[in-house]
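Trainee: I'd like to learn how to read a small fold like this one. Can you walk me through it, beginning with the core?

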Amino acid sequence: MANATLKVEGMSCGHCVSAVEKAVTGAGATGSVDLAAGKVTIQYDEKKVSLDAIKGAIEDQGYDVV
């Protein structure tokens, strides 16, 4: 399992947290959002999903991964 912490811009509420967590889960990873810090900590299996795919899933929800 690999770990990554991504800075995500555009999150401002509980709905945003839920949308980002669902995007991460939908991509095949697990994640925990820190709304105050604007970050999401992700655990994923590099053999099953790439970090770029996870980033893309978050961006598809309308958030910017920087």
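Mentor: Sure. Keep in mind that this is a predicted model. The largest nonpolar core holds 22 residues, and within it Val-40 and Ile-58 touch the most other members.

Trainee: Which elements give two or more residues to this core?

Mentor: Strand S1 (2-9), helix H1 (14-26), strand S3 (39-44) and helix H2 (51-60) do. H1 gives the most, with six residues.

Trainee: What does Ile-58 touch, not counting residues up to four places away in sequence?

Mentor: For a contact, look for heavy atoms within 4.5 Å. Ile-58 touches Leu-6, Val-8, Val-20, Ala-23, Val-24, Val-40, Tyr-63 and Val-65, with residues up to four places away left out.

Trainee: Let's step back to the whole chain. How many helices and strands does the secondary structure come to?

Mentor: Two helices and four strands. Read from the N terminus, the order of elements is β-α-β-β-α-β.

Trainee: And why does the radius of gyration agree with a compact globule?

Mentor: The idea is to set the value for the chain beside the one expected for its length. A compact globule of 66 residues would come out near 11 Å, and the chain has 10 Å, so the two agree. As for dimensions, the C-alpha trace spans about 30 × 20 × 20 Å along its principal axes.

Trainee: How much of the chain is buried?

Mentor: Buried means under 20% relative accessible area. By that cut-off, 35% of the 66 residues count as buried. The accessible surface comes to about 3,900 Å², and carbon and sulfur atoms account for 45% of that.

Trainee: What about contacts between residues at least 6 apart in sequence?

Mentor: Of those contacts, 61% join residues at least 24 apart.

Trainee: How many positive and negative side chains are there?

Mentor: There are 6 positive and 9 negative ones. The centres of the two sets lie 5 Å apart.

Trainee: Now some single residues. Is Asn-3 buried or exposed?

Mentor: The cut-off for exposed is over 50% relative accessible area. Asn-3 has 55%, so Asn-3 is exposed. This residue sits in strand S1. Leaving aside neighbours within four places in sequence, Asn-3 is in contact with Ile-42, Gln-43 and Tyr-44.

Trainee: How far is Asn-3 from Val-66, C-alpha to C-alpha?

Mentor: Those C-alpha atoms are separated by 17 Å, with the two positions 63 residues apart along the chain. Try Glu-46 as well: Glu-46 and Asn-3 are 43 residues apart along the chain, with C-alpha atoms separated by 9.5 Å.

Trainee: Where is Glu-46 found?

Mentor: In the loop between S3 and H2. Its relative accessibility is 60%, so Glu-46 counts as exposed.

Trainee: Why does Gln-61 count as partly exposed?

Mentor: Partly exposed is the range between the buried and exposed cut-offs, 20% and 50%. Gln-61 has a relative accessible area of 44%, so it is partly exposed. Gln-61 lies in the loop between H2 and strand S4 (64-65). Not counting residues up to four places away in sequence, Gln-61 touches Ala-19 and Ala-23. Its C-alpha atom is separated by 10 Å from that of Gly-10, which is 51 residues apart along the chain.

Trainee: One last loop. Where is the place of Ala-36?

Mentor: Ala-36 is in the loop between strand S2 (30-34) and S3. At 81% relative accessibility, Ala-36 counts as exposed. Sequence separation and distance in space are worth reading side by side here: Ala-36 and Lys-48 are twelve residues apart in sequence and 30 Å apart in space, C-alpha to C-alpha.

Terms used: Residues are numbered from 1 along each chain as its sequence is written. This is a predicted model: local features need pLDDT of at least 70, side-chain atom pairs count only at pLDDT 80 or more; totals for chains, interfaces and linings use all residues. Side-chain values use heavy atoms; hydrogens and water are left out. The radius of gyration is taken over C-alpha atoms; the globule rule is 2.2 Å times the number of residues to the power 0.38. Buried means under 20% relative accessible area, exposed over 50%, partly exposed in between (1.4 Å probe, protein chains only). Accessible areas come from the Shrake-Rupley method with a 1.4 Å probe; for residues, only the protein chains shown count as cover. Lys and Arg count as positive and Asp and Glu as negative; His and the chain ends are not counted. The place of a charge is taken as NZ of Lys, CZ of Arg, CG of Asp or CD of Glu. A nonpolar core is a set of buried Ala, Val, Leu, Ile, Met, Phe, Trp, Tyr and Cys residues joined through side-chain atoms within 4.5 Å.
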